[in-house]
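Colleague: Take me through this one, feature by feature. Keep it brisk.

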Amino acid sequence: MNSRNRTYSNGTITVVWQPAECIHAGECFTTLRKVFDPSKRPWVQLDGASTEEIIGAIEMCPSRALTFYWNDPQHPIPGKEHSPKLFDTTQLARLFPQSESESPAAVTDGAETLSTTSVSDTAAAQAAKTRIVYRPGCPLVIEGEFTLMDENGAPIHPQMKMVSLCRCGHSDNQPFCDGAHFKAGFRR
């Protein structure tokens, strides 16, 4: 369990933030800054937008850092009942251990939809659908269809469509950027 995990609720949904999963792609705050503002504490302010807008921004997150669950699973918002970002509430005990007197949240029936890129894709087809963005002092951002492999050749988070890779070497979430380059003063 990561003690930095957090939940935020607006009464209709509860947003689950797992910072260890965050790749700092920035989709949340560029999509909906009035809710997701890393310059504020807490950085998530659910009263800044409608539930539909919040879910839309969460769905833009390329990682599992931001997910949500229905506070009342019997009354989801039409059209969002099966969002790919629905959090499996059976995992709440793992992320947020509770005392026995507290009851866990109801289980949702939302299934995660994964879109993976086959390792057998030809390099030419994959390159046509992939964009790599370099900016001085920033992480390397890869967008599109790609397969990120670990040192053993196993895919790392194959469902991702965007990643921010650490270039400064200071990230505690290698190979992903965790924002450590800001504190380290990385400028190259």
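Colleague: Let me start with one residue. Where is the place of aspartate 88?

Modeller: Aspartate 88 sits in the loop between E3 and H3. Helices (H or I, at least four residues) and strands (E, at least two) are DSSP runs, numbered from the N terminus. This is a predicted model, where local features need pLDDT of at least 70, side-chain atom pairs count only at pLDDT 80 or more, and totals for chains, interfaces and linings use all residues. Residues are numbered from 1 along each chain as its sequence is written, while side-chain values use heavy atoms and leave out hydrogens and water.

Colleague: Does aspartate 88 count as buried, exposed or partly exposed, and why?

Modeller: Buried means under 20% relative accessible area, exposed means over 50%, and partly exposed is in between (1.4 Å probe, protein chains only). Aspartate 88 has 33% relative accessibility, so it counts as partly exposed. The C-alpha atoms of aspartate 88 and phenylalanine 68 are separated by 8.7 Å, with their places 20 residues apart along the chain.

Colleague: Now the whole chain. Which pattern does the protein follow along the sequence?

Modeller: The order is β-β-α-α-β-α-α-β-β-β-α. That comes to five helices and six strands. Of the 188 residues, 39% count as buried.

Colleague: How do I read the exposed area, and what share do carbon and sulfur atoms supply?

Modeller: Accessible areas come from the Shrake-Rupley method with a 1.4 Å probe; for residues, only the protein chains shown count as cover. The protein exposes about 10,700 Å², and carbon and sulfur atoms supply 52% of that area.

Colleague: And contacts: what share joins residues at least 24 apart?

Modeller: A contact means heavy atoms within 4.5 Å. Among contacts between residues at least 6 apart in sequence, 50% join residues at least 24 apart.

Colleague: Which residues of helix H2 are buried?

Modeller: In H2 (residues 51-60), the buried residues are Thr51, Ile54, Ile55, Ala57 and Ile58. They fall within an arc of 160° seen down the axis, so they line one face of the helix. The arc is that of the directions from the helix axis to the C-beta atoms. The cover over these residues includes strand E2 (13-17), H1 and strand E3 (66-70).

Colleague: Next, the empty space. How much of it lies in the largest pocket?

Modeller: Rolling a probe the size of a water molecule over the atoms shows where empty space is left. On a 1 Å grid over the protein atoms alone, a pocket is an open set of points with protein on both sides within 12 Å along at least five of seven lines; a cavity is a set where a 1.4 Å probe fits but cannot get out; lining residues have an atom within 4 Å of a point. Grid points are joined across faces, edges and corners, and a volume is the space filled by probe spheres set on the points. Here the largest pocket holds about 980 Å³.

Colleague: Which residues lie nearest the centre of that pocket?

Modeller: Cys22, His24, Ala25, Gly26 and Phe29 do, out of 40 lining residues. H1 gives the most to the lining, with four residues. Helix H1 (27-31), strand E4 (130-133), strand E5 (140-144), strand E6 (162-165) and helix H5 (180-184) each supply at least two. By class, 23 lining residues are nonpolar, nine polar and eight charged. Ala, Val, Leu, Ile, Met, Phe, Trp, Tyr, Cys and Pro count as nonpolar, Asp, Glu, Lys and Arg as charged, and the others, Gly among them, as polar.

Colleague: What is the sign of phi at histidine 24?

Modeller: Positive, at about 55°, although histidine 24 is not a glycine. Histidine 24 is in the loop between E2 and H1. At 35% relative accessibility, it counts as partly exposed. Histidine 157 also has a positive phi, near 45°. Its place is the loop between E5 and E6.

Colleague: Which peptide bonds to proline are cis?

Modeller: Arginine 41 to proline 42 is cis, with omega about -10°. Proline 42 is in the loop between H1 and H2. Glutamine 174 to proline 175 is also cis, with omega near 5°. Proline 175 is in the loop between E6 and H5.

Colleague: What is leucine 165 in contact with?

Modeller: Beyond neighbours within four places in sequence, leucine 165 contacts Pro139, Leu140, Ile142, Leu148, Pro175, Phe176 and Cys177. Leucine 165 lies in E6, and at 14% relative accessibility it counts as buried. Its C-alpha is 5.2 Å from that of cysteine 177, 12 residues apart along the chain.
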